[in-house]
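Please open the structure in your viewer and keep the selection panel at hand. The tour goes from one selection to the next and says at each stop what is there.

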Amino acid sequence: MPGPLYLHREFGRLLERLGAFHKVKNFVMSAIAICAAASSAAVVLPATRADAQGLQVSEFKLENGLQVIVIPDRRTPVVTHMVWYHVGSADETPGKSGLAHFLEHLMFKGTDKNPGGKFSKVVATIGGQENAFTSQDYTAYFQRVTKENLEQVMTFEADRMTGLHLTDDVVLPERNVVLEERRTRTDNDPAAQLAEALTAALYVNHPYGRPIIGWMHEIRQLDRQSALDFYKRFYTPNNAVLVLAGDLDEKEARELAAKTYGKVPRLLEIAPRVRPVEPEPRAHRRISLADQRVRQPSLSRYYLVPSYRTGEGNEAEALEILSHILGGGQTSRLYHALVVEKGIAANAGAWYQGTALDATRFSVYASPRPGVALADLETALDQVIEQIIEKGVSADEMDRVKTRIIASTIFSQDNQTTLARIYGAALTTGLSVDSVKEWPNRIRAVTPEQVRDAAKKWLDLRRAVTGHLVRPETVPEKRT
Amino acid sequence: MTFGAFRGMRGIVKGLLMALALFSASGAADAQIGKIERVVTPAGIELWFVKDDTLPILSMYFAFEGGASQDPADRAGLAYFTAAMLDEGAGDLDARTFQERLERRAISLSFSADRDTFRGSLRVLSEHRAEAFELLRLSLNAPRFDQEAIDRIRASILAANRRSQNNPDEVASLRWFASAFPNHPYGRPVKGDEASVSGIERNMLFAYVKKNLARSNLKIAVVGSIDRDELVRLIDDSFSKLPAKAELSQVAEVTPQSLGRRDVVDLNIPQTAIIFGSSGIKRQDPDFIPAFILNHILGGGSFSSRLYREVREKRGLAYSVYSHLATLDYAGLFLGGTSTRNDRAAEALQIIEQEIARIAKEGPTAEELAQAKSYLTGSYLLHFDTSAKVAQQLLEIQLENLGIDYIERRNKLVNAVTEEDVRRAAKRLLADSKLLVIMVGRPAPLAKANGG
């Protein structure tokens with residue numbers, strides 16, 4: 001469906017499909033590599049390994065400013081074709097939350113040249129797969145087709161870059177679809193509501209605080225004109241990245257791109273993406289969501305931390321490693337302390353969303369076993385973090401985690417769509433092809449001291465919001 | 001197969017999964033994926049293997065037939081629990097040491113269970129294959145099932161199950177299967193419930209392994225960079241010591257009960273999650289492919305199905321609406337679902353029922369059939385563009401008994417389907433189909449249900 005793949009839950013579903021729902025552990029890397037480039041949760045940035053398996057990624061620009069990335073994978077005559085726009089929910093005008101995502105849905109409604117659902121019909125007829133997704137920083141559209149159909153879908157996608165045609169009789173039902181999507185993803189689920197509230201509380205000034213799908217009352221007011229205005233503000237070849245991954249080489253890519261996207265005019269100049277910056281946070285915030293429906297309480301905390309783009313030196317890489325040591329599966333500190341040793345949690349973990357244009361989130365979470373108060377669980381969780389800050393991490397932990405992260409970059413080469421997502425997400429969050437290529441080396445270079453420093457500097461309660469998900473009966477706050 | 005995993009997946013994700021799981025392989029693919037070798041090891045274990053040296057990795061998928069349908073009646077969730085326990089320590093290695101050994105070589109080893117199978121997968125850099133197969137061998141042949149790990153995994157399963165009580169799709173799916181299959185293993189929850197999971201004990205895990213993990217019910221598919229002879233040796237190391245024959249309890253062929261019933265499960269949410277279903281068709285049935293095409297047109301995996309158009313595009317009633325054929329080993333099912341705001345749930349259900357009745361009566365148009373065939377044949381190759389996907393396909397083809405040449409034949413089978421075939425399938429599947437409908441939420445009063 002045209003729909004965003006932005007929530008933790010999407011991630012959960014994938015694991016569930018793989019039959020590993022309650023035990024994330026070994027799946028963490030692969031699952032992240034598969035789906036999370038498009039997810040706001042736990043995005044790892046697997047990259048190509050600079051040595052042995054030299055993946056030949058090339059990059060060029062068309063005259064109209066469209067950036068093109070080519071990732072050859074000649075094993076099967078299939079190509080993944082993606083267009084990523086440098087626009088996401090954080091680029092919306094305040095009061096119109098959900099507009100980037102609403103427009104993504106409307107992009108399937110036809111153009112002057114190819115009215116109605118013609119594009120989707122053609123994709124279905126040739127046996128292609130298509131979808132689209134929206135995040136805080138990017139909006140992307142893709143088709144996966146056999147090689148001989150590539151030019152055709154490129155022609156359609158190039159047309160959709162500037163030719164969108166909208167009427168109220170398609171816009172209004174689609175707005176209802178989005179309202180249902182919001183109900184399904186968020187309003188049905190107290191845990192999703194808590195995650196939304198945590199994000200809103202974490203960002204006091206930056207638009208990352210808004211939900212990607214939008215607030216209910218604001219989605220209701222989105223209309224045809226606001227969608228078209230937004231489209232005209234951001235959809236132009238010089239604000240997009242074309243990613244072609246699969247059975248083609250740079251030369252073929254150049255020819256096809258010139259024939260299709262090359263004809264799209266550069267419509268306007270795009271201003272730098274400067275969003276309001278977060279002030280230095282000073283107060284630990286607490287939120288609590290009490291709902292009769294909650295059968296399994298939980299605790300999660302978000303810290304405001306640098307992203308790959310904003311981090312200095314290899315701060316982001318250190319946070320990446322820290323998230324694994326702290327909460328990446330069963331060998332992690334949190335799992336071991338809370339689930340195994342103390343036996344007070346049913347699960348526990350951490351994630352870091354490094355792929356973001358601006359200051360981003362690092363999260364720790366845990367669910368108590370029956371009879372354990374959230375306050376006690378939180379105390380135990382804080383002790384684990386304090387221990388890392390005081391005593392640092394071991395060389396052995398560093399080695400294991402680095403091995404896993406670096407291996408994930410090799411596994412990611414098995415999947416052209418994964419690679420396309422990695423590059424697309426990186427390039428629309430302020431990174432370069434080289435930075436993706438060099439990522440494994442930067443991971444290798446991180447020292448235990450840097451991980452400890454990252455924990456000390458960034459896992460500071462003043463930078464955090466802690467959320468409790470409870471049933472109303474258990475609300476009384478037991479402070480220890 | 002694999003419909004133990006069904007719980008209202010949405011949109012294209014669902015579509016992809018269905019295509020993969022149900023229809024298995026796809027057309028012109030065989031030329032592209034390298035030669036499929038059927039290998040029999042000295043110990044007599046059969047595996048399907050594709051050698052591919054493009055990347056220094058190895059993907060293996062395997063399955064033991066049986067799965068959750070082998071759970072004792074009062075211990076639903078045992079297969080699932082066992083799957084969660086197999087990598088929690090084995091031989092001399094306790095859980096932590098075992099996990100660290102996996103991590104040290106970036107080995108992904110995992111187990112899962114669905115209604116009809118107990119599955120495993122192994123993904124590893126080729127250079128670490130020896131360690132990977134050693135850990136696999138230990139997990140299959142010498143699991144420890146330490147009490148500490150049992151208690152921990154039990155807590156985690158129970159917590160996940162409690163969380164799912166807020167997931168309307170999951171609640172609806174559980175209720176649907178419970179209502180459709182009373183007194184049959186398919187009616188019991190794959191992940192168990194509070195009481196059954198609480199009662200699972202250590203000796204039961206050992207008993208499950210002993211009865212179910214055998215050579216007679218094992219299928220294996222491997223794709224990747226490894227020498228054939230070495231692979232054969234590693235496979236025998238891991239699997240040859242398993243019992244020759246599985247001791248499976250017999251599972252009865254079954255058809256869904258309670259058709260015509262509409263049950264509402266109260267959950268205080270703004271939407272109503274609807275799951276509907278009736279009898280379907282089994283994978284080996286000669287009408288399976290016509291029926292699959294029929295379902296593709298009605299509610300299958302592209303943005304052009306009738307349900308998608310009527311429920312979502314025209315009326316904006318739902319984000320997701322779908323139908324699919326679930327081919328369990330002992331039952332064929334037609335299932336579908338959607339989620340819509342409470343005050344329009346009745347309308348959404350009515351439209352779905354109308355569309356089912358319409359296609360049952362009229363069949364598809366010639367254009368729809370042509371387009372469906374074009375989609376299904378054209379997209380087949382997309383299921384083969386990674387080595388992991390190829391291995392998964394090869395396993396499904398074995399489990400469904402479709403033959404090693406299925407990949408070559410598959411698109412021809414699709415192309416041979418006529419309008420008449422689809423009409424016949426529509427009559428068989430949907431003509432007097434009363435649906436069992438489960439609605440989870442607070443739907444506004446419905447029109448009177450037909451029969452009970």
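Why is strand β8 (residues 298-305) of chain A largely enclosed by the rest of the structure? Select the strand, and you will find that 8 of its 8 residues are buried, so the rest of the structure largely encloses it. Here a residue is buried if 20 or more other C-beta atoms lie within 10 Å of its own, exposed if 12 or fewer, and partly exposed in between, with C-beta atoms placed from the backbone. Helices (H or I, at least four residues) and strands (E, at least two) are DSSP runs, numbered from the N terminus.

Before going further, note that residues are numbered from 1 along each chain as its sequence is written, while chains are lettered from A and ligands numbered from 1 in the order in which they are written. This is a predicted model, in which local features need pLDDT of at least 70 and side-chain atom pairs count only at pLDDT 80 or more, whereas totals for chains, interfaces and linings use all residues.

**Around β8 of chain A**

Stay with β8(A) and colour its two faces: A:S298, A:S300, A:Y302 and A:L304 are buried on one side, and A:L299, A:R301, A:Y303 and A:V305 are buried on the other. Next, add strand β11 (residues 464-470) of chain A, which pairs with β8(A) in the antiparallel sense over 6 bridges; two strands pair if DSSP finds at least two bridges between them. Within β11(A), A:V465 is the bridge partner of A:Y302. Then add strand β10 (residues 360-368) of chain A, which is antiparallel to β8(A) and joined to it by 7 bridges, with A:V364 standing opposite A:R301.

**Chain A as a whole**

Now select all of chain A, which has 17 helices and 11 strands and in which buried residues make up 62% of the 480 residues. Its average pLDDT, the predictor's confidence in each residue from 0 to 100, is 89, and 87% of the residues score at least 70. Residues 1-53 of chain A have a pLDDT below 50, although this stretch has 169 contacts in the model beyond near neighbours in sequence; two residues are in contact if their C-beta atoms, placed from the backbone, lie within 7 Å. Where pLDDT is low, the predicted coordinates should not be read in detail.

**The six-stranded sheet and its helices**

Select the open sheet of 6 strands in chain A, whose order is β1-β2-β6-β3-β5-β4, with mixed pairing. Its edge strands are β1 (58-61) and β4 of chain A, each of which pairs on one side only. At the first of these edges, β1(A) pairs with strand β2 (residues 67-72) of chain A in the antiparallel sense over 4 bridges, and A:K61 stands opposite A:Q67.

Add helix α3 (residues 99-106) of chain A, which lies across β4 and β5 of chain A and runs at about 165 degrees to β4(A); axes are lines fitted to C-alpha atoms, for helices over the stretch in contact, and angles run from 0 to 180 degrees between N-to-C directions. In α3(A), 8 of the 8 residues are buried, so the helix is largely enclosed by the rest of the structure. What covers these buried residues includes β4 (129-134), β5 (139-146) and α6 (168-187) of chain A.

**A residue that touches chain B**

Select A:S120, which is found in helix α4 (residues 118-125) of chain A and counts as buried because it has 23 C-beta neighbours inside 10 Å. Leaving out residues up to four places away in sequence, A:S120 touches A:F108, A:E130, B:F303 and B:S304. Widen the selection to the whole contact between the chains, which takes 73 residues from chain B and 64 residues from chain A. On the chain B side, helix α5 (residues 147-164) gives the largest share, 8 residues.

**Two helices in chain B**

Finally, select helix α4 (residues 129-141) of chain B and helix α9 (residues 228-239) of chain B, which pack at an angle of about 25 degrees with their axes 8 Å apart. This makes α4(B) roughly parallel to α9(B), since angles under 35 degrees count as roughly parallel, over 145 as roughly antiparallel, 65 to 115 as roughly perpendicular and the rest as oblique. Among the residues that make the contact are B:F133 and B:L136 of α4(B) and B:L234 of α9(B).
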